[in-house]
Amino acid sequence: MLTLTEIAEDPLVLECRLDLCDGTEVVFRPLTHTDAERLAGFLEGLSPESRRLSTFAGYDLAAARELCDAIARYDKLRLVLEEVPSGRIVGLLELSLALTPADIARYKEAGIRLAETTDCRFGPTLADDYQGRGVGTLVLPLIADVAQRLGRTRIILWGGVLANNPRAIRYYEKNGFQPVGSFAGTDGSPSLDMMLDLDQVPSAATSPTRHCGS
């Protein structure tokens with residue numbers, strides 16, 4: 001089973017190249033300490049609508065440096081999508097191996113017992129020009145593989161999904177997430193909890209659009 005420290009020491013262990021339907025090539029890999037400026041460019045380039053749907057504390061170089069400084073220090077694993085050959089970061093995919101008391105309580109009310117030994121949280125954000133291009137569906141089996149290599153068997157959504165974000169809800173449902181229940185977010189926004197059983201996700205190794213390392 002992989003650890004966050006092992007991934008930080010050898011990021012290549014999770015690196016994959018992906019061929020998008022339009023011929024664009026991107027690299028899926030862990031965030032590294034040298035990514036701060038490019039990550040800042042990604043955050044700064046997000047539209048107001050994309051920012052509304054994300055959970056980042058900031059969208060500038062300081063926020064990017066904070067995310068890079070946190071590598072292997074806490075319970076988070078952050079992965080990026082890097083455009084080839086420009087090197088531009090076009091996606092940030094977050095996994096948390098810790099659960100919040102609020103998550104545990106909500107799922108318990110729905111009859112589901114969460115545990116940090118088996119469950120993790122997932123939150124994806126794509127650059128505006130990469131949204132609606134099938135990238136999320138292509139990446140999800142890779143996320144599932146990473147979660148399994150970290151010893152997890154289920155994924156829940158990081159902060160749920162806003163009920164007024166039908167495109168995201170369709171994406172999650174299309175890729176096997178099951179609705180668990182509704183709740184009000186920290187700002188009162190109606191939101192949905194959804195969960196994915198990783199046994200239901202096709203293996204990332206079976207697709208010709210993915211070229212992964214060990």
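In the predicted model, strand β5, which spans residues 119-126, is mostly covered, with seven of its eight residues buried. Two further strands pair with β5. Strand β4, formed by residues 89-96, runs antiparallel to β5, and the pairing extends over six bridges. Within this pairing, Ser-96 is positioned opposite Arg-121 of β5. Strand β6, comprising residues 154-157, pairs with β5 in the parallel sense over four bridges. Here Cys-120 lies opposite Ile-155 of β6.

The parallel strands also take part in a supersecondary arrangement. Together with helix α6 (residues 135-149), β5 and β6 make up a β-α-β unit of right-handed sense.

On the antiparallel side, Glu-94 was examined individually. This residue is located in strand β4. Glu-94 counts as buried because its relative accessibility is 4%, and the limit for this class is under 20%. The side chain of Glu-94 engages the side chain of Arg-78 in a polar contact at 2.6 Å. When neighbours within four places in sequence are set aside, the contacts of Glu-94 comprise Thr-55, Phe-56, Leu-77, Arg-78, Arg-121, Phe-122, Gly-123 and Trp-158. Arg-78 therefore appears both as the polar partner of the Glu-94 side chain and in the contact set of this buried residue. Arg-121, the residue of β5 that stands opposite Ser-96, is likewise among the contacts of Glu-94.

Notes:
Residues are numbered from 1 along each chain as its sequence is written. This is a predicted model: local features need pLDDT of at least 70, side-chain atom pairs count only at pLDDT 80 or more; totals for chains, interfaces and linings use all residues. Side-chain values use heavy atoms; hydrogens and water are left out. Buried means under 20% relative accessible area, exposed over 50%, partly exposed in between (1.4 Å probe, protein chains only). Helices (H or I, at least four residues) and strands (E, at least two) are DSSP runs, numbered from the N terminus. Two strands pair if DSSP finds at least two bridges between them. A crossover is right-handed if, with the strands pointing away from the viewer, the path from the first strand over the helix to the second runs clockwise. A polar contact is a pair of N or O atoms within 3.5 Å; within protein, one must be able to donate a hydrogen and the other to accept it, and residues adjacent in sequence count only if both atoms are side-chain atoms. Contact means heavy atoms within 4.5 Å.
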